[in-house]
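Work through the exercises below with the sequence and the model at hand. Each task is followed by a solution in steps.

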Amino acid sequence: LTTGPSLSGAMGFDSVDGRLIFYGGGEVHALAGASWTELATGQTDMRGHQAIENLATGRVEFICGEDGDNFFPELRTWDGTQLVVGPASPAPRHDCAAAWDPLERHVVTHGGLFTPGIGLPNPDTSNTVLVLDEGADDWALIPNAISTPGHRNPSTEVFYDHVRERTVIHKVFGGNFLSFDTLLWDGRQSVTLPGQIEVEPFFDGARSVAVSPDFAVLDDGAG
């Protein structure tokens, strides 16, 4: 592969054009085959954003960004030639977790951090979910949607499970121990699957590192 963009950003697969789309540092790049191509410059320079592969449109969307001073709560969609700015989230944050749910036909976002450059947890994100229905002009904020509320760690992920046909929220909690809950999203609320992983972080002289003796796999049909 040729050298790609050396920037902080997010990347997803555009199935319409059959290439990876990278957005970061105010630039958009594409990887098709073995070569990177610069597609656009002079875009909003943000970080901490999340890429979403919209299976309905085949396009890549980006949400939850900031530049250290400002939030960029709008959904940005790469339409093949440019980033199209869409509806703004009613609860701006960065480093959220997000995915496209093809069953419910909406974008699902959860958690995130709200203080630019600092990263303090936002209490309003601990048990809420934001959804943007296909074709909608406004986001819907669903309170008390998470059955195990707690601040979102940047390692939390949201993804769609094609076997269960449900969006899965793998939620990480901080503290003296790191705890991991797995939740199934049914469109309006979550259900926690049994079994919680807990690992103890240790300090290596420069940072806290979570150590776990186990590698967890969510088997087909588990829960």
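**Exercise 1.** Find what share of the contacts between residues at least 6 apart in sequence joins residues at least 24 apart, and set it beside the secondary structure and burial.

Solution. In this predicted model, the share is 41%. Next, count the elements: the protein has 20 strands and zero helices. Then turn to burial: of the 223 residues, 43% are buried. Finally, take the surface: about 11,000 Å² is exposed, with 49% of it supplied by carbon and sulfur atoms.

**Exercise 2.** Describe the open sheet that contains S11, S12, S13 and S14.

Solution. Start with the order, which is S11-S12-S13-S14, with antiparallel pairing. Strands S11 (97-101) and S14 (140-142) lie at the edges, each pairing on one side only. From one strand to the next, the twist averages 25°. Now look at one pair: five bridges join S11 to strand S12 (residues 106-110) in the antiparallel sense. Within S12, Thr109 is the bridge partner of Ala98.

**Exercise 3.** Identify the residues with the most contacts inside the largest nonpolar core, then follow Tyr23 outward.

Solution. The core holds 13 residues, and those with the most contacts inside it are Ile21, Tyr23, Val28, Phe62, Trp78 and Leu83. Strands S2 (19-24), S3 (27-32) and S6 (60-63) are the elements that each give two or more residues to this core. Beyond its neighbours within four places in sequence, Tyr23 contacts Val28, Phe62 and Leu83, among others. Its other partners include Gly9, Gln43, His49 and Arg76. As a general point, nonpolar side chains in soluble globular proteins tend to be buried together.

Terms used
Residues are numbered from 1 along each chain as its sequence is written. This is a predicted model: local features need pLDDT of at least 70, side-chain atom pairs count only at pLDDT 80 or more; totals for chains, interfaces and linings use all residues. Side-chain values use heavy atoms; hydrogens and water are left out. Two strands pair if DSSP finds at least two bridges between them. Helices (H or I, at least four residues) and strands (E, at least two) are DSSP runs, numbered from the N terminus. Axes are lines fitted to C-alpha atoms, for helices over the stretch in contact, and angles run from 0 to 180 degrees between N-to-C directions. Buried means under 20% relative accessible area, exposed over 50%, partly exposed in between (1.4 Å probe, protein chains only). Contact means heavy atoms within 4.5 Å. Accessible areas come from the Shrake-Rupley method with a 1.4 Å probe; for residues, only the protein chains shown count as cover. A nonpolar core is a set of buried Ala, Val, Leu, Ile, Met, Phe, Trp, Tyr and Cys residues joined through side-chain atoms within 4.5 Å.
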